[in-house]
Amino acid sequence: METEHEIHVGDASDCALPDDSIDLVVTSPPYPMIEMWDDLFSGLNPDIASALEREDGDTAFELMHDELDGVWSELARVLKPGGIAVVNVGDATRKVDGTFQLFPNHSQILQRLRTQGLRPLPDILWRKPSNRLTKFMGSGMLPPNAYTALEHEYLLVFRNGDSRRFEPGADRRYEAAYFWEERNDWFSDLWTAVRGEIQELDHGDLRERSAAFPFELPYRLISMFSVYGDTVLDPFWGTGTTSIAAMVAGRNSVGYELESDFTAVFEERTEQVAGLSHDVIQRRLDDHREFVAEHDGALAYNSDHYDFPVKTAQERELQFYEVADVTRDGNRFFAAHEPYSE
C-alpha cells in the first residue's frame with residue numbers, strides 16, 4: 001500500500017481541490033482573540049488591526065471569524081457527502097478596554113459551519129493536562145474576583161449532509177476497524193489522557209508559531225472517522241501533524257499552509273515516521289493484549305491476522321499497516337506501507 005501526502009503553500013480559502021474529493025477534515029485554525037495570532041488576522045484584514053488598536057474586542061472577534069469563513073466555505077465544497085469534519089478550537093479569554101471576558105470561538109465556528117450546510121454531531125471536550133498550582137484566574141479569595149481557568153478545548157464534529165458514506169457491511173471498513181476497548185475510550189465525549197504536543201523544533205520562533213496539537217489527536221480522529229485509502233484534509237496545516245498522523249494511519253492527506261518555512265520542518269519529521277508507525281502499532285497491540293489478559297475467556301472471536309482473541313466479529317479482520325519508507329517528489333510525499341506482522 002502507498003499513500004500520498006500533498007502540501008500546498010497558500011490560502012485554503014482558494015484551494016484547487018475538486019468538489020467532493022475529501023473524505024475527512026481534521027484541523028485546528030488560528031484562534032481569534034488569542035494574541036499570538038493577532039498579527040496574522042491583522043495582515044488579512046486591516047480593519048482587525050484598527051479594532052484591536054481602539055480596543056473594540058467584539059468587532060475584532062467578529063472580523064477574525066469572518067476571515068475564517070472562506071476556508072469553511074471551501075471545506076463544505078470539497079468534503080464528500082457523508083464526510084466528516086473535525087475542528088479543534090479553544091475559546092479565548094482576554095482583557096479588552098479594561099474588561100476581562102471570554103470570547104467563545106467554539107460557538108462561532110459551530111454556527112458558521114452550520115450555515116455552510118454541515119450537520120453538527122456530538123462534540124468532544126479535550127481536557128488538557130495542566131501544571132498550574134491554582135485553578136482560577138484573577139486575584140484574591142473574595143467573590144466575585146476570581147474566574148475559572150480554561151483548561152479544555154473543543155473537538156467540534158460535523159457531517160456533510162444527512163447520509164452516511166458507507167452502506168452497512170461495506171467490505172473495506174473491516175481492515176480499518178479499531179478494538180472494542182479503543183472504541184469505548186475514543187468515542188467518549190471527554191478526553192483527558194491526551195497530552196499537548198512536545199515539539200522538538202530547532203527553528204527559532206517556528207516552534208511558538210506552529211501551536212501544533214499533539215499527534216494523538218489527529219491519529220485518533222483519523223482512525224475513528226476514515227478507512228485505509230481515504231484522503232484527509234488539513235486547511236491549517238502548520239508543521240503537518242495531521243499529515244504525519246495520516247501517514248501512520250495509512251490514509252492520504254492534503255495540507256494547506258500560508259508559511260513556507262513549515263515545509264522544511266515537515267520533511268525532517270517524515271524521517272521519523274517509520275519508527276513512529278512501528279511504535280504506535282506496537283502500543284495498540286500491547287494495550288489490546290493487556291485487555292485480553294484482564295478478560296481471559298470472555299472474548300469469543302479470534303483475530304485473522306494476530307495471535308489474540310477479540311471482543312466482536314467486526315474486529316476479526318483488523319489489519320495494521322506499518323510505514324516502511326517515505327520519499328518526496330516536489331510538494332508530494334509518498335509513504336510505502338507493509339502489513340504489520342509479529
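## Surface patches, salt bridges and an enclosed helix

A negative surface patch is formed by D286, D287, E290 and E294. Do keep in mind that this is a predicted model. Below you will find the surface patches, then some of the 22 salt bridges, and lastly a helix that is largely enclosed by the rest of the structure.

**Surface patches**
- In the negative patch, E294 belongs to helix α10 (residues 273-294), and its relative accessibility of 56% makes E294 exposed.
- L40, L44 and L258 make a nonpolar patch of about 240 Å².
- L258 sits in the loop between β12 (252-257) and α9 (261-270) and is partly exposed, at 47% relative accessibility.

**Salt bridges**
- R284 and E182 pair with 2.7 Å from N to O; R284 is in helix α10 and E182 in helix α5 (residues 180-186), so this bridge ties together parts 102 residues apart in sequence.
- Both ends of that pair are buried: R284 has 6% relative accessibility and E182 has 11%.
- D307 bridges to R289, with their closest N and O atoms 2.7 Å apart; D307 comes from the loop between β13 (301-302) and β14 (309-310), while R289 is in helix α10.
- Here D307 is exposed at 65%, whereas R289 is partly exposed at 25%.
- A network of salt bridges with shared partners joins D23, K80, R165, R172 and D230.

**An enclosed helix**
- Helix α7 (residues 216-225) has 10 of its 10 residues buried, so the rest of the structure largely encloses it.
- Among these buried residues are E216 and R220, along with L217, Y219 and F225.

Technical notes
Residues numbered from 1 in each chain as written. Predicted model: local features only at pLDDT ≥ 70, side-chain atom pairs only at ≥ 80, totals over all residues. Heavy atoms only, no water. Buried < 20%, exposed > 50% of the residue type's maximum accessible area, 1.4 Å probe, protein only. Helix = DSSP H or I, 4+ residues; strand = E, 2+ residues; numbered from the N terminus. Patch = residues over 30% accessible without salt bridge, like charges linked within 9 Å, V, L, I, M, F, W, Y side chains within 5 Å. Areas by Shrake-Rupley, 256 points an atom, 1.4 Å probe, with all protein chains shown as cover. Salt bridge = Lys/Arg side-chain N within 4 Å of Asp/Glu carboxyl O. Lys, Arg positive; Asp, Glu negative; His and termini not counted. Charge placed at Lys NZ, Arg CZ, Asp CG, Glu CD.
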